[in-house]
Amino acid sequence: MIVVPGGPKGRTLRDVLWRILGLARNDGFGHNAWGHPSAGPRLDSQLCSRYEPYMSELLQTTQSEVPPDVIDLGLGHPGWDLLPLEIMRRAAETRLQQPDASLLQYGLEQGDGYFRRALAAFLTRFYDLPVSMDTLFVSAGASLALDLICTLYTRPGDVVFVEEPSYFLALRIFADHHLQIVAVPTDADGLDLDALEEALATHRPTLLYTVPTHQNPAGFTLPLERRQRLVELAQRHNFLIVADEVYHLLSYAAAPPPPMAAFTNTGAVLSLGSFSKILAPGLRLGWVQAAPAHMKRLYSSGLLDSGGGLNPFTSGLVRVALEEGWQEEHLAQLRKTYHARMDAMHQALEHELGNRVAFSTPEGGYFFWLRLPSHLDGETLQQQAAAHKLGFRAGVHFSGHGGLTNYIRLSFAYYDASTIAEGIARLRQVIDKC
Ligand SMILES: Cc1ncc(COP(=O)(O)O)c(C=O)c1O
């Protein structure tokens, strides 16, 4: 396994504790009346060394831990060097010195008004269109927003249209809600709208889920004319577009077309945004931008009635980062760094695999999407890559119907340029052997 997916997931807590107790017994710790080792004074100091591997498995904090000798280009996470610890420290110091405990109270259902005001001003500037705070609902990341939308707008068995390929973890959320996934073909510019019209002749979708800008995994961006036609189709056929726009602000070349958020006044679009990609995923903070009727539906849900607005504490801190301009500075830094990483991956791919795999260079986001020679299978290649201490995601996971078997997805967000180059060199070695 390349990625060690967290101790308690793989092994139960009981297994790990039992292992530690077993080691302790072998090490001659005393036994209590039940025959179990009883920790003497030596235990504290010895735990740190002898039992450390087992303890760290128990105490794992992050979703994925990659052994230091492995390069996992499958990870769609920001690199450790890009996590804004200093900004969040300053934001916390500033906010927590104020004699206002409101961020510790149950929050307003739609989300902290001051935070939404700061977010609206930020989006107005960076989307280059007026965004009103009334059209923003605060969520605990785009994933939770998607889950909540499924809860509120769908019933088991409803049809959801997705792009082929689509963000694989959104497919998981749709499966949790027992939705029927129908994959709509795409081309180099994203959703193929003629194919969508054909699909609409036989299906009546409740939702259409799209990542319109710098798509995960394929990197494409839907042109403006297609965005407009998509909205017209949604209005005519009465389905809701869920536009996952988490990469919209991560453009490294020309400015992208306006976000789907520009069409929320039609009532046909729910636009999802997230601080995961522009500040830090651990904040679990994002938003839905939508017309007022949808706002009401979102914040009137039982979840919010019971728990209040989502993440008032984090919103209170991120508000400071927005108001002080720290978010803007961080975004500029991210764009610069990701641009350099994207170029490094592009060059390495051209150099090592230029005539063996097909890919187009994205203009933003996190990913390259590679078409392998037709005799190669992405999942088999992934298994073989493990021996070379290399990871990536096999294309089949991004398919709505088990296709895309000769594709793989690589992320350039997590590693610096030289590690990316080494990763691509390893990929060439794996492919050379096939
Ligand atoms: C397209 C897309 N949507 C949503 C997410 C997750 O967003 P969040 O962390 O805000 O839940 C990701 C993360 O990889 C993503 O690529």
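**Exercise 1. Determine what share of the contacts in the protein chain with a separation of 6 or more joins residues 24 or more positions apart.**

Two residues are in contact if their C-beta atoms, placed from the backbone, lie within 7 Å. Among the contacts with a separation of 6 or more, residues 24 or more positions apart account for 73%. The model is predicted, so local features need pLDDT of at least 70 and side-chain atom pairs count only at pLDDT 80 or more, while totals for chains, interfaces and linings use all residues. Residues are numbered from 1 along each chain as its sequence is written.

**Exercise 2. Describe helix α6 and state which elements its buried residues pack against.**

Helix α6 (helices being DSSP runs of H or I with at least four residues, numbered from the N terminus) covers residues 113-128 and reaches 21 Å from its first C-alpha to its last, close to the 22 Å expected, where the expected span is 1.5 Å times one less than the number of residues. Its buried residues (20 or more other C-beta atoms within 10 Å of their own) include Phe115, Arg116, Leu119 and Phe122. The buried residues of α6 pack against β4, β11, α13 and α14.

**Exercise 3. Classify the packing of α9 with α10 by its angle.**

Helix α9 (residues 193-202) and helix α10 (residues 224-237) pack at about 10°, with their axes 11 Å apart. Angles under 35 degrees count as roughly parallel, and α9 and α10 are therefore roughly parallel to each other. In this packing, Leu193, Leu196, Glu197 and Leu200 in α9 meet Arg226, Arg229, Leu230, Leu233 and His237 in α10.

Note on methods:
Helix = DSSP H or I, 4+ residues; strand = E, 2+ residues; numbered from the N terminus. Buried ≥ 20, exposed ≤ 12 C-beta atoms within 10 Å, placed from the backbone. Axes fitted to C-alpha atoms, helices over the stretch in contact; angles between N-to-C directions. Parallel < 35°, antiparallel > 145°, perpendicular 65-115°, else oblique.
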